[in-house]
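Here are my notes on the model you sent. They go from the whole chain to one sheet.

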Amino acid sequence: MNLLSAENISKSYSEKILFDKISLGINEGDKIGVIGVNGTGKSTLLKVLAGIESLDQGSIIKGNGVTIEYLPQNPIFHDEITVIEQIFKGDNPIMKTLRKYETIMNNLEKYPTNLEYNEELIKLSDSMDKLDAWSLESAAKTILTKLGIMNFNEKIKNLSGGQKKRVALATALIAPCDLLILDEPTNHMDNESITWLETYLNSRKGALLMITHDRYFLDRVTNRIIELDRGRLFSYTGNYSIFLDKKIEREQIEAASEEKRQNLLRRELAWIKRGAKARTTKQKARIDRFEQLNNDNPLDSIGKVEISTAHSRLGSKIIEINNISKSLGNRNLIENFSYTLSKDDRIGIIGANGMGKSTLMNLITGKLTLDSGEIIIGETVKVGYFSQDSCEMNEELRVIEYIREVAEFIETADGSKISASQMLERFLFPPQAQWTPINKLSGGEKRRLFLLKVLMASPNVLLLDEPTNDLDIETLTILEDYIEDFNGIVIAVSHDRYFLDKIAERIFSFEGNGKVLEHTGNYSDFCEFKKSQSSEEATDSKTASKSAPKENKAPAKKENSKQLKFSYKEKLEFEQIEGVIEALENDLEKIDSDIAAASTNFQLLQELLEKKDEIELELLEKMERFEYLSNLDEEIKANKGL
């Protein structure tokens, strides 16, 4: 069943075209993710479909009786109302009844013997039965609890920005609707809440349309991706992984078509030039054909955000954190924490909101003072801090003026110089956009500009506080590549699991009450560690409950009765497997060269890409097998030494 259709819709701001004559249909059961570079109009598209903003042209047709609930990126709140009043803010009969019920219950807590309140409660209870509102009330409180909001009667004005956003999300989730539209629902949420939201949206009936830059979230929730790209809209059936495959195919086809168009254009141009002076009358059809080819310029491809700035070298003494403690009010955030940073550290910091993650970053940068302990910063350390406070930008400045505050020119890793204007182009700010006042930029564009300013200062220690909030996927991907090549230290606070898996090699987990747990590996490794830790604790608990004689029987002899050793086939495989892996890696290098050479041959490209997938899969299997055999070899050697 079709819920909503947008037909040939267009929207512009001044001279900037956000989308031009695009069409879109949303059906029952669709779970759609909207992606695109910041500033392409994703949020505007959601507002238009939700009926919040008007169109320049085109039409939106909504099915009879179809209800829409919309969560904006920056919700508006009434500070004096409570959390539960905000949740039940709708004008439908169920919401009105729930609001009255909550008010009466609060009054009865203060005046339990008041006859008028008790009579009103009986009437409202009857209304709640008829409207089946009890389940909605229970669901609302469950959702709030899952999102970390425990005090339902707290005034909105007393909540943090992140808590307010989660209350707004709960308000949208609880409202009965056919189409739920969410703009960046995972911002300001911890990993546990995001995992819960994934499960909730997967089980929820009704259609979903959302903007998010959380790639794991897109992969696990969506069954369709729509991409806004320079005024055009592309639709892909499937989740984020499938979208990546299909986008590669589309761009390869476009590249092949553009090469054909250019060849035709060159031939037609040669004909026009040959005949222009010799004849006054030309074949009209052929001239028209040339004009059409000449005017039918494809949209310029968006440039990659290339970051190759130079940086100063780190000395032997970097940053030492010695027994530091910090409390805020009655909350113990960090207690007796120590760590000595080494070159090339890649640290991901995780934990629930309010646990002290950003506090650690602010202590390192000196924005906050310690309660006890010390942080020693080496003389060669140059910190670049990408904080959540990009709102501190002087928005009266123009884009290029803001960047020139750092430097007019910067030196790149290869020793050449790049101007501020050239760096802005690499960050998707073309020349005509560089004189735009900052207050005209979208939230994501401001974050991208702020990131550029931090990196242009050529830091050798990079602190990133929630870098994935409001940044588009393309910018995030390039930032991840930059971090991979960055010859310095990176410490990142993030709730983006995909980002942490790509960049982190050590995790600091803020567990509460001042405890910081360290673990070597990325985010997924840490999750596996926590699972195994929970399993071990459960096993230890069961073991402890058994009687001592049963625990101390002699399984040890049975354990040693069979000596651990390689089979003949395993021994042969272990001797040869490193050579096999090396050969596969060489094959991959060759196929990458072949792919680069075949960029204009779409059919050959498809064959090469499929072959590459097969080799990569085989290489992964061999690497996993090598890890298993290596571990087995170590165990065998250890047993022989006993």
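The points below cover the overall make-up, the cores and one sheet.

1. This is a predicted model: local features need pLDDT of at least 70, side-chain atom pairs count only at pLDDT 80 or more, and totals for chains, interfaces and linings use all residues. Residues are numbered from 1 along each chain as its sequence is written, and side-chain values use heavy atoms, with hydrogens and water left out.

2. The protein has 21 helices and 20 strands (DSSP runs numbered from the N terminus: H or I of at least four residues, E of at least two). Of its 642 residues, 43% are buried (under 20% relative accessible area, 1.4 Å probe, protein chains only).

3. The largest nonpolar core (buried Ala, Val, Leu, Ile, Met, Phe, Trp, Tyr and Cys residues joined through side-chain atoms within 4.5 Å) holds 44 residues, and Ile87, Leu144, Leu182 and Leu201 have the most contacts inside it. Helix H6 (residues 161-174) gives the most to this core, seven residues. Another core, of 43 residues, lies apart from it and includes Phe427 and Tyr523.

4. An open antiparallel sheet is formed by three strands in the order S11-S10-S13 (strands pair if DSSP finds at least two bridges between them). Strands S11 (331-340) and S13 (372-377) are the edges, each pairing on one side only. The twist averages 20° from one strand to the next (axes are lines fitted to C-alpha atoms, for helices over the stretch in contact; angles run from 0 to 180 degrees between N-to-C directions).

5. Strand S10 (residues 319-328) pairs with S13 over five bridges, in the antiparallel sense.

Terms used:
Buried < 20%, exposed > 50% of the residue type's maximum accessible area, 1.4 Å probe, protein only.
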